[in-house]
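Here is a quick briefing to read with the structure open beside you. Take it one topic at a time and find each part as you go.

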Amino acid sequence: MAYLSRNPAPIPTPVRIGLIGSGWMGAFHAESIARRVPDAVLAAIADPNLESAEALAKSLGTAKVTASADDILADPEIDAVIIASPARFHAALISQAAAAGKHVFCEKPAGQGLDELDAALTAVEAAGVHFQIGFNRRYAADFQAAKKDLAAGIAGQPQLLRSLTRDPGNGSIPNAARVPAWTIFLETLIHDFDTLNWFNEGAEPVGVYAVADALVEPALRDQGFLDTAVVTVRYSNGAIAVAEANFSALYGYDVRGEVFGSKGMVQAGRSTETAARRYTAEGLAADTPRLNVELFRDAYTDELADFTAVVRARRDGTPPPSADFTLTPGAADARRALAVALACIESVKQGGPVAVPAATKAGV
Ligand SMILES: NC(=O)c1ccc[n+]([C@@H]2O[C@H](COP(=O)([O-])OP(=O)(O)OC[C@H]3O[C@@H](n4cnc5c(N)ncnc54)[C@H](O)[C@@H]3O)[C@@H](O)[C@H]2O)c1
């Protein structure tokens, strides 16, 4: 008996990924690629704050560092990019990456307006590259279990939907004055809008009514800062959804989703960090998740594993991974959620309900 096969299966070449933006989210994605996604390697990091890129590269043992995303896009050895720069750069970076033939994973939002997003998605389509947006909640085990139940019809015809985000805080918001305008809709609730859209698959969001205020930092209300919001979303199948957000939950990071329908209800959302419970004379206690990278550690890893698997299949001409329900969030999902977020901004400005513009581009 031979110890070694004469024709061993070739070891697949890992997907070589360039990171654009090495801040909070970019650093976690870099760590996921370097340590938790076996089929990918972190090939380079670009950040105009070179010190940040260098520190990250050093901590992960990755060599190439540059101040400009252009260097990553011009590198023929890089298959794909992760865009984790501030949101105002996303649409232009997507267009440039697609034109350079790189597959794109982009943090949300993929753009800050529908025109710039459509231009970016047109570039993606023209280049034929894979595009995925960072709607990581889809990869959380409980959200996936809920989605599977919904796809199997467990809740029946959706009537009420709910999604909420309460960011962890201590009763005040650090650097609140520097938070870009409308962040609560464009960068926070956009996750909830995707959850609602995904849970109510086949229906389109047609109208919203958003109410928002600065309740955590009321001193910033006059500058237009918003830290608390409730949105009702009306869907084309008649379902009515509520999304809500607050930037300072003292008990930790709280994310939940729910669908109530003609046959029952499906819920997702993990409220405790572990299953451990403490029973004492004072009652019952449990630890709660504090950070997004705690609650969604596995989801952040799995979204990049999915991205890597699709990119590798495309590059190597092998069959793409499959799931028994819609999973990978792509161009149409990025646009649909952004359309809702932008309608919310309009609703707050007008102080009343507004329509959500329909998708116009083919497939988007
Ligand atoms: N999916 C999630 O749960 C989640 C959580 C947090 C942040 N985000 C998203 O990630 C993105 C980044 O957020 P963050 O909290 O990491 O911000 P951050 O400010 O911590 O990091 C942004 C980094 O991008 C760099 N940068 C600025 N301009 C750049 C450019 N043109 N090219 C490359 N890099 C550039 C900055 O120097 C900084 O290091 C945002 O879109 C945000 O909404 C997503």
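What follows is a tour of the sheets, the helices and the charged pairs.

Keep in mind that this is a predicted model. There are two open sheets to look for: one has six strands, and the other has seven. The structure also holds 19 salt bridges, and a few of them get a closer look below.

**The six-strand sheet**

- Reading across this open sheet, the strands come in the order 3-2-1-4-5-6, and the pairing is parallel.
- Which strands stand at the edges? They are strand 3 (64-66) and strand 6, and each has a single partner strand, so one side of each is left without a neighbour in the sheet.
- From one strand to the next, the twist averages 20°.
- For a look at one pairing, try strand 5 (residues 103-106) and strand 6, which run parallel and are joined by three bridges. Phe105 has Gln132 as its bridge partner in strand 6.
- Helix 4 (residues 90-99) lies across strand 1 (15-20), strand 4 (80-83), strand 5 and strand 6, and it runs at about 165° to strand 5.

**The seven-strand sheet**

- The order here is 12-11-7-10-9-8-15, and this open sheet has mixed pairing.
- Strand 12 and strand 15 (354-355) sit at the edges with a single partner strand each, so one side of each has no neighbour in the sheet.
- Strand 8 (residues 205-213) runs antiparallel to strand 15, with two bridges joining them. Val208 pairs up with Val354 in strand 15 as its bridge partner.
- Two helices are worth finding here. Helix 6 lies across strand 11 and strand 12, at about 160° to strand 12. Helix 7 lies across strand 7, strand 8, strand 9 (228-235), strand 10 (240-249) and strand 11, at about 140° to strand 10.

**A closer look at strand 11**

- Is strand 11 (residues 254-261) mostly covered or mostly uncovered? It is mostly covered, with six of its eight residues buried.
- Strand 7 (residues 158-168) runs antiparallel to strand 11, and eight bridges join the two. Asp254 in strand 11 is the bridge partner of Arg166.
- Strand 11 also pairs with strand 12 (residues 265-268), again in the antiparallel sense, over four bridges. Val259 has Val266 as its bridge partner in strand 12.
- Strand 11 and strand 12 make a hairpin, with three residues between them.

**Two helices side by side**

- The axes of helix 5 (residues 114-127) and helix 10 (residues 331-350) come within 11 Å and cross at roughly 175°. That makes the two helices roughly antiparallel.
- On the helix 5 side, the contact involves Leu114, Leu117, Asp118 and Leu121. Helix 10 brings Ala331, Ala334, Arg335, Leu338, Ala339 and Leu342.
- What kinds of residues make up this contact? Eight are nonpolar, none are polar and two are charged.

**Charged pairs**

- Side chains of opposite charge can pair when their charged atoms come close.
- Asp194 and Arg138 form a salt bridge, with the closest N and O atoms 2.8 Å apart. This pair links distant parts of the chain, 56 residues apart: Asp194 is in helix 7 (residues 183-199), while Arg138 is in the loop between strand 6 (131-133) and helix 6 (141-151). Both Asp194 and Arg138 are buried.
- Asp254 and Arg256 form another salt bridge, and here the closest N and O atoms are 2.7 Å apart. Asp254 counts as buried because its relative accessibility is 6%, whereas Arg256, at 35%, counts as partly exposed.
- Arg270 and Glu273 also meet through their side chains in a salt bridge, at 3.6 Å from N to O. Arg270 is partly exposed at 31% relative accessible area, and Glu273 is partly exposed at 29% relative accessibility.
- Salt bridges that share partners also build one network out of Arg138, Asp194, Glu204, Asp333 and Arg336.

**One loop residue to find**

- Ala67 is in the loop between strand 3 and helix 3 (69-73). With a relative accessible area of 39%, Ala67 is partly exposed.
- Leaving aside its neighbours within four places in sequence, Ala67 is in contact with Asp47, Pro48 and Leu50.
- Ala67 and Ala332 are 265 residues apart in sequence, and their C-alpha atoms are 31 Å apart in space.

Definitions and conventions
Residues numbered from 1 in each chain as written. Predicted model: local features only at pLDDT ≥ 70, side-chain atom pairs only at ≥ 80, totals over all residues. Heavy atoms only, no water. Salt bridge = Lys/Arg side-chain N within 4 Å of Asp/Glu carboxyl O. Buried < 20%, exposed > 50% of the residue type's maximum accessible area, 1.4 Å probe, protein only. Pairing = 2+ DSSP bridges. Axes fitted to C-alpha atoms, helices over the stretch in contact; angles between N-to-C directions. Parallel < 35°, antiparallel > 145°, perpendicular 65-115°, else oblique. Contact = heavy atoms within 4.5 Å. Nonpolar A, V, L, I, M, F, W, Y, C, P; charged D, E, K, R; others polar.
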